[in-house]
Amino acid sequence: MKVRMKITLCVLGLLSLLLGIGSSFLISLSFQDTLAREKDTAFGSYKMILETLQLVGEFNPSHDYDTVDQVIRQLDQQTSRNWLALSLSSESGYAYESDQAGHYFTEMNVHRTFTQACLATKTAGTTDSGTVTFRYETDPTGNRYLLLAGTFPAVGDTLTLRMAYDISPVYRMRQVQQQIYLRLFLVMLLIGSVLSYAMSRLITAPLEKLSTASRAIASGDYSSRVGLYATDEIGTVAADFDTMAEQMEQYILKLQESLLRQERFMGSFAHELKTPMTSIIGYAELLREEILSQEERVEAADYIVSEGKRLERLSRKLLSLFGLKQEAPSFSAANPAAIVHATVEQLGPLYETLNIRLVCKCQGGVCYLETSLVRSLLLNLLDNARKSMDSGGTILIHQEMLADGCRIRILDEGRGVPSEALPHLTEAFYRVDKARSRQQGGVGLGLALCKEIVELHHGTIRIRNRKKRGTSVTVELRGGRPCTK
């Protein structure tokens, strides 16, 4: 069952319960109030007759039953009377009954000894002459009556007065009210059904958008979004869903890029192994067949040795690259300016033979570094700068301190890098000019090692072309700095 139907049924159930309880209570309250008024009216009429008979007796104590009978008949025949039947009896045998009194007092099992036998179940009230009791009766046709009975002394005897009142209109009024309530309930139920369904549809509409976006993402459309802007709970869920979808899309893009890099890595690695291995096997076959001259054998052996050393360098670089990913570095407080100066002093004489001048501008300070890795970082970056400078020039190393580490910039005056190659320079085995790199002894892993070293120091590496000539490499190492008091 859909949520909108559940909401609709819940609203209808609550509406039915509230209408049922409220209307039933109001109808019952109105019925009881009307019934109480009818009983008070009947009791008032009973007292009026009783008081009239008592007054007659007080003014003329010598009155006999004829006088009583005459008074009762006059009262019973009044057009303004509100009772249906009246009966007056005595212990000595006197009796007066109005028309159809037998129907109300005999057929309904209310005998002349009604009061004396205490058949009444409730007390209507008290008078100066005694207690008046009452009971409700229903005849075979379904009409409802209120019967009152009481005894009082008069004419030297004890008289029993009984009266019957028609209270069927009260019950008919309750029945009419119940029928009106039933019709009103059905109308309200219909209106409530339409309104509750419309409201539930409006409430659950964002959930349908959320479901549609979920199915789209599950089918591979990672750019699908809910796009719901609301301040309620559903709007918050939709916003969180869009945020999750955005992060998932970015994560999947990164996975795809990583997969592509791995595929390029495997292809480049296979290519790097294929060329030297083919040469080594070919020259080894020639040496084994002993068809070469002495000079050719020496040349073949030299080529095998050079290609073997190239494979050795490749294996060492790969071991270093994988070792950085497996082992956690040990940071210690170090002076990056001292590391830069030591590296320049080490490489300076060699670079001077290539007509390359190393210039460094350093700022003093201490930060947390892995010294050997930083030296390897500088060596690789300076080696790449050297390889890009065919006719010599100047390499500037600029080092400055940061709040949480240091920044090192290396500026060369080399050939620069094509714009399309800049995003791929830190990928393993990627080389802009593969033929030139092989001639210079490169294996395409230097900048990949640099990237791993920088990431271990929680930093970044950026490679840009300079405006006039050369390349700019900016490295930020954010391993932290010691606290100073």
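Guide: Buried means under 20% relative accessible area. In helix H10, the residues that meet this cut-off are Gly446, Leu447, Ala448, Leu449, Cys450, Glu452, Ile453, Val454 and Leu456. The model shown here is predicted.

Visitor: What makes H10 "mostly covered"?

Guide: H10 has 11 residues, and nine of them are buried. The helix is followed by His458, whose phi is positive, near 55°.

Visitor: Why does Tyr145 count as buried?

Guide: The relative accessibility of Tyr145 is 5%, and the cut-off is under 20%, so Tyr145 counts as buried. Tyr145 is found in strand E5, residues 144–154. Its C-alpha is 4.7 Å from that of Asp166, although the two are 21 residues apart in sequence.

Visitor: Why is the contact between Glu246 and Arg225 called a salt bridge?

Guide: The closest N and O atoms of the two residues are 2.9 Å apart. The limit is 4 Å between a side-chain nitrogen of Lys or Arg and a carboxyl oxygen of Asp or Glu, so the pair qualifies.

Visitor: Which parts of the chain does the pair tie together?

Guide: Glu246 lies in helix H5 (residues 233–289), and Arg225 lies in the loop between helix H4 (168–218) and H5, so the pair ties together parts that are 21 residues apart in sequence.

Visitor: Are Glu246 and Arg225 buried or exposed?

Guide: Neither word fits. Glu246 has 35% relative accessibility and Arg225 has 26%. Exposed needs over 50% and buried needs under 20%, so both residues are called partly exposed.

Visitor: How many salt bridges does a search of the whole structure find?

Guide: The search finds 13. One of them joins Lys387 and Asp383, at 3.1 Å from N to O.

Visitor: What separates Lys387 and Asp383 in helix H8?

Guide: They are four residues apart in H8 (residues 371–387), which means a separation of about one helical turn. Lys387, at 15%, is buried, whereas Asp383, at 24%, is partly exposed.

Visitor: What makes Asp404 and Arg478 a link between distant parts of the chain?

Guide: Asp404 and Arg478 form a salt bridge with the closest N and O atoms 2.7 Å apart. Asp404 sits in the loop between strand E10 (393–402) and strand E11 (405–411), while Arg478 is in the segment after strand E13 (471–477), 74 residues apart. Asp404 is at 29% and Arg478 at 30%, so each counts as partly exposed. Both belong to a network of salt bridges that also links Glu400, Arg407, Arg462 and Glu476.

Visitor: Where does Glu476 stand?

Guide: Glu476 is in E13, opposite Thr460.

Visitor: Why are strands E12 and E13 said to pair?

Guide: Pairing takes at least two bridges between the strands. E12 (residues 460–465) and E13 have six, in the antiparallel sense, so the term applies. Their hairpin has five residues between the strands, and Gly470 takes a positive phi near 95° there.

Visitor: How many residues are in the largest nonpolar core, and which touch the most other members?

Guide: The core has 36 residues, and Ile395 and Ile397 touch the most other members. Eight elements each supply at least two residues, among them helix H7 (336–353), E10 and H10. H8 gives the largest share, seven residues. A second, separate core of 28 residues includes Tyr46, Leu50, Leu75 and Leu161.

Visitor: With which residues is Ile397 in contact, leaving aside its neighbours within four places in sequence?

Guide: They include Val340, Val344, Leu358, Leu382 and Ile408. Leu382 is also among the buried residues of H8.

Visitor: What span should H8 have at 1.5 Å a residue?

Guide: Its 17 residues should span 24 Å, and its end C-alpha atoms are 24 Å apart, so the two values agree.

Visitor: What does the matching check give for H4?

Guide: H4 has 51 residues and reaches 71 Å from its first C-alpha to its last, close to the 75 Å expected.

Visitor: Where does H4 bend?

Guide: The bend is at Thr204, by about 35°, and a proline, Pro206, follows within four residues. Just after H4, Gly220 takes a positive phi of about 115°.

Key
Residues are numbered from 1 along each chain as its sequence is written. This is a predicted model: local features need pLDDT of at least 70, side-chain atom pairs count only at pLDDT 80 or more; totals for chains, interfaces and linings use all residues. Side-chain values use heavy atoms; hydrogens and water are left out. Buried means under 20% relative accessible area, exposed over 50%, partly exposed in between (1.4 Å probe, protein chains only). A nonpolar core is a set of buried Ala, Val, Leu, Ile, Met, Phe, Trp, Tyr and Cys residues joined through side-chain atoms within 4.5 Å. Contact means heavy atoms within 4.5 Å. The expected span of a helix is 1.5 Å times one less than its number of residues. The bend at a residue is the angle between axes fitted to the seven residues ending there and the seven starting there.
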